[in-house]
Structure formats: C-alpha cells, structure tokens
Amino acid sequence: MKKILSLCLSLLITTAVLSGCGASPSGNDAAVESNNQKSTEPDNQQSTDNAESTNRNETEDSNNMDANATAKNLVVYFSMPETTDPDNMLREEELSTVVIDGEVLGNTQYVAYVIEQNTGADVFRIEPVTPYPLDHSELEDIAQKEQRENARPEIAGKVENIGQYNTVFFGFPNWYFDMPQIMYSFLDQYDLSGKTIVPFVTSGASGFSNAISEIEEMEPDANVITDGLSISRNEVQDSEQDIIDWLTDKGYIQ
C-alpha cells in the first residue's frame, strides 16, 4: 500500500514539473517576438527615411544636371548694315565690313559668326524697327543724333526665354567712343542679373572706350567680363584664329 501511495505521489510530482516546463518556452518565444518587433520597427522607419532622403537627393541632382544641360550661350550683337555689294564699296564701307566667300558681312557680324560657329551659341541680331540707311554718311548723321539725344531706338523682334542663357556674348561696333544707342535699348529691355556678359567690340583704334563700365552700370547684378574681345577693323578679315584663341583661353572652347 505504501508502495502504491509512493508511486502515485511520484507521478503527480512528475506531471506538475512537465506542465511547468511546457509553459515556459511559449512565454519566452512571445517575449522574443515582441522584443524583435520593438527593435526592428525603428530600423524599418530609418530605412524608409534613408530611401526618401536618397530619392530626394537623386531628384535634386537630376534637376541640377537638367539645368546645366539646358543652359545655353547667346550671342547678341549689332552690326553696321552698310552695303551688300562687295564690288562697289566706298572706303568707309570697306573699313566696316568684310567679304567672306563673296558675301558682305559687317565687322561685328563676322566676329559674332565666328563665336557662334565655335561655341554653338544661339544668335540674336539687334535690328531697329526703323531700319538704318545703307548710305554711310546718312548712317553717321543718325548715329550722332541718337547719341546726342540719348535715344533708345526700338528693337525689332525679341529674345525668347532669356532665362535659359547663362552667358551672353555682347557685341557692337564703337560709335563715337560709345556703344550704339540701340545697345542701351537692349540693356534697358532685358534683365541679365546672374548671367555672365562677355563684351566684344570692333573699332578703328578706340576699343571699348567706356562701354564696359556702362554695361556694368546698367547690369549691376551680372558678371561682366572686363577684358572682353576687341578687334581692330583693320584686322577683322584675318581675325578668325585670334577669336578662336581668345575663346579657348577664356574656356568657351574645350
């Protein structure tokens, strides 16, 4: 009888021990899973934040690349119209023009052409609404009258979306120690803030005179290159390589 009671007691103790061991793993697994959830949720959030930050950076880089890719150069120039007949030019007309492949080009027009061809820039030729006469003496009279009156001749046409250009090559002949008044019209009409302005001039012997300081005054928020390109009218015909060398030195030709 004692053996039976002893056996029964042993069985009861063993059952109780086994029941306690069975509950413990279940509780521990739940605790580990809960702890894992708490520890991984911040990691997941951090990963999401990192991904969003990366996407934003990539988008900004892409936008900057697009802006750089679409940034362009523009050649803006005014040139003496003069004659279009290469075989019957007056002395004054010969001095202010060049003949390239039988075509008469104004001195400044030719320099603008070389810049365009070697930089891939767009071109805007400044022309007045009321055309200037082809006769040289008449043109001189009008030019001096405009200068005396500080006139602003109206420009025919306009530059579309000036904002797309980051560099503006700005060319003109020297008229009586100044820019032609129609160049002032352009600077009045367009805000070139934040752009680089690269002046170029053709002249007898006066170079830019005070033109660069005038440009700086009218476009105070632009970066005006003060050592612009000056070409003597006597050298324009053979100036192509000089223009190319200057553009290369300034970094506009790679």
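This passage walks through the overall make-up, the nonpolar cores, the aromatic pairs and a handful of individual residues of a predicted model.

Starting with the broad picture, the protein has seven helices and eight strands. Out of its 254 residues, 37% count as buried. Long-range contacts are well represented: taking contacts between residues at least 6 apart in sequence, 77% join residues at least 24 apart.

Turning to the interior, the largest nonpolar core is built from 33 residues. Within this core, I126, F170, F172, M179 and F186 are the residues with the most contacts. Several elements chip in at least two residues each, namely β1 (72-77), α4 (136-148), β5 (165-173), α5 (181-189), β6 and α6 (211-218). Of the contributors, α5 gives the most, with five residues. A second core of 21 residues lies apart from this one, and L229, V236, I243 and I253 are among its members. Back in the largest core, I126 makes a good example of how the pieces meet. Setting aside residues up to four places away in sequence, I126 touches V76, Y77, F78, I155, I182, M183 and F186.

Aromatic residues deserve a paragraph of their own. The structure holds nine aromatic pairs. One of them joins F78 and Y132, whose ring centres sit 5.8 Å apart with 75 degrees between the planes, making the pair edge-to-face. F78 belongs to the loop between β1 and α2 (91-95), while Y132 belongs to the loop between β4 (122-125) and α4, so the pair ties together parts that are 54 residues apart in sequence. Both partners are tucked away: F78 counts as buried because its relative accessibility is 2%, and Y132 is buried as well, with a relative accessible area of 10%. F78 is also one of the residues touched by I126. Elsewhere, F124, F170, F172, F186, Y190 and F208 come together as one aromatic cluster. Three members of that cluster, F170, F172 and F186, also appear among the residues with the most contacts inside the largest core.

Strand β6 and the loop before it offer two polar residues worth a look. K195 sits in the loop between α5 and β6. K195 is buried yet has no salt bridge, and the nearest side chain of opposite charge, that of D191, is 8.3 Å away. With a salt-bridge cut-off of 4 Å, that separation is too long to count. What K195 does have is a polar side-chain atom 3.1 Å from the backbone oxygen of I162. Beyond its neighbours within four places in sequence, K195 is in contact with I162, G163, Y165, N166, V168, A222 and N223.

S203 lies in strand β6, which spans residues 196-203. Its relative accessibility is 6%, so S203 counts as buried. The side chain of S203 reaches the backbone nitrogen of G207 at a distance of 2.9 Å. Outside the window of four places in sequence, the contacts of S203 are N174, I231, S232 and R233.

Helix α6 houses E216. This residue has a relative accessible area of 34%, so E216 is partly exposed. E216 touches V224 and T226 once residues up to four places away in sequence are left out. For E216 and T226, which are 10 residues apart along the chain, the C-alpha atoms are separated by 9.0 Å.

Finally, two residues other than glycine turn up with positive phi values. N150 has phi near 50 degrees and is found in the loop between α4 and β5. F177 has phi near 60 degrees and takes its place in the loop between β5 and α5. As for accessibility, N150 counts as partly exposed at 48%, whereas F177, at 59%, counts as exposed.

Notes:
Residues numbered from 1 in each chain as written. Predicted model: local features only at pLDDT ≥ 70, side-chain atom pairs only at ≥ 80, totals over all residues. Heavy atoms only, no water. Helix = DSSP H or I, 4+ residues; strand = E, 2+ residues; numbered from the N terminus. Buried < 20%, exposed > 50% of the residue type's maximum accessible area, 1.4 Å probe, protein only. Polar contact = N/O pair within 3.5 Å; in protein donor to acceptor, adjacent residues only side chain to side chain. Contact = heavy atoms within 4.5 Å. Core = buried A, V, L, I, M, F, W, Y, C linked by side-chain atoms within 4.5 Å. Phe/Tyr/Trp six-rings, centres within 6.5 Å; stacked < 30°, edge-to-face > 60°. Lys, Arg positive; Asp, Glu negative; His and termini not counted.
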